Amino acid sequence: MTFPSTPDFDFLYQSHLKHLKLKGLQPKTIEAYSRAIRRVGEYFDHRIDALTEAQLTDYFTDLLASHSWSAVKLDLYGLKFFYTHVLRQPWVAPNLIKPPKGQRLPDILTVEEAQRLFQATQVVSYRVFFFTLYSLGLRLGEGLRLQVGDVDAQRGRVHIRDAKGNKDRLVPLPEATLALLRRFWQLHRNPVLLFPNRHGGLKAAARAITPLDRGGVQVTLRQVAQQCGLKKRSAPTVFATAMPPI
């Protein structure tokens, strides 16, 4: 049963959001930490300003039974942030959670697999996007945020903004990728976005103010990977940085 929120909780939650933004956290982190407070609030009838170690033990035990360790850790970090910056209280259970340690290497596409994936991608914007991720060694979000001004053709590099850890970095720009991006830009001619959204087709792409839809990119990638018979542990969302032969 979900209980209605309380004025005190609403005030604390809004304060939590303000502090998250003021600390310059990434939008995904802000959403995760705010979701943590909403979830904890529902569990404790929106009375979370004086939780005991026993209550937190019950909460995280129940959460682990229905969610992954990743979700548990995010709720823990979100609640700790809430205690530190909103309640200004010490964390009451410092040794409560100890997630299992483990490091798993991501599945990396080989050159041959990447070529098959590019060739099987029928939609031009997705095909160019996948090729760009692969050739530059980018994460999905980094590729979606690329703008026309980030491509430095003269120096042969691309400015990657707001990467992991809120840091910028420069990556080499292969000639094949530059040539492909130039041809692709001739199709959409958006003055800002390198990969404008596909709402309204190419005619509307020049006026788009948002990039390709993240969910659409992920769904397409999984579908194409299945069509190619790629038997990775999961859909190949991490590309090798080696440049595929043209």
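This passage describes the nonpolar cores, a surface patch and the sheet of a predicted model.

A good place to start is the interior. In soluble globular proteins, nonpolar side chains tend to be buried together. Here, the largest nonpolar core comprises 34 residues, and those with the most contacts inside it are Leu-117, Phe-129, Phe-130, Phe-195 and Val-217. At least two residues of this core are supplied by each of α5 (111–120), α6 (124–136), α7 (140–144), β2 (157–163), α8 (175–188) and α10 (214–228). Helix α6 provides the largest share, with eight residues. Another core lies apart from this one and holds 28 residues, including Val-40, Leu-51, Tyr-59 and Val-86.

Val-217 offers a handy view into the largest core, as one of the residues with the most contacts inside it. Once neighbours within four places in sequence are set aside, the contacts of Val-217 are Tyr-126, Phe-129, Phe-130, Leu-140, Leu-144 and Leu-212.

Nonpolar residues also appear at the surface. Val-124, Leu-187 and Leu-202 make up a nonpolar patch there, and their accessible area together is about 250 Å². Of these residues, Leu-202 belongs to helix α9, which spans residues 201–205.

Turning to the strands, three of them form an open sheet in the order β1-β2-β3, and the pairing is antiparallel. Strands β1 (151–152) and β3 (167–172) lie at the edges, each pairing on one side only. The antiparallel strands β1 and β2 are joined by two bridges; Val-151 has Val-158 of β2 as its bridge partner. Strand β2 thus links the two topics, with a place in the sheet order and at least two residues in the largest core.

Technical notes
Residues are numbered from 1 along each chain as its sequence is written. This is a predicted model: local features need pLDDT of at least 70, side-chain atom pairs count only at pLDDT 80 or more; totals for chains, interfaces and linings use all residues. Side-chain values use heavy atoms; hydrogens and water are left out. A nonpolar core is a set of buried Ala, Val, Leu, Ile, Met, Phe, Trp, Tyr and Cys residues joined through side-chain atoms within 4.5 Å. Buried means under 20% relative accessible area, exposed over 50%, partly exposed in between (1.4 Å probe, protein chains only). Helices (H or I, at least four residues) and strands (E, at least two) are DSSP runs, numbered from the N terminus. Contact means heavy atoms within 4.5 Å. Patches are made of residues with over 30% relative accessible area and no salt bridge: like charges are joined within 9 Å, nonpolar side chains (Val, Leu, Ile, Met, Phe, Trp, Tyr) within 5 Å. Accessible areas come from the Shrake-Rupley method with a 1.4 Å probe; for residues, only the protein chains shown count as cover. A salt bridge is a side-chain nitrogen of Lys or Arg within 4 Å of a carboxyl oxygen of Asp or Glu. Two strands pair if DSSP finds at least two bridges between them.
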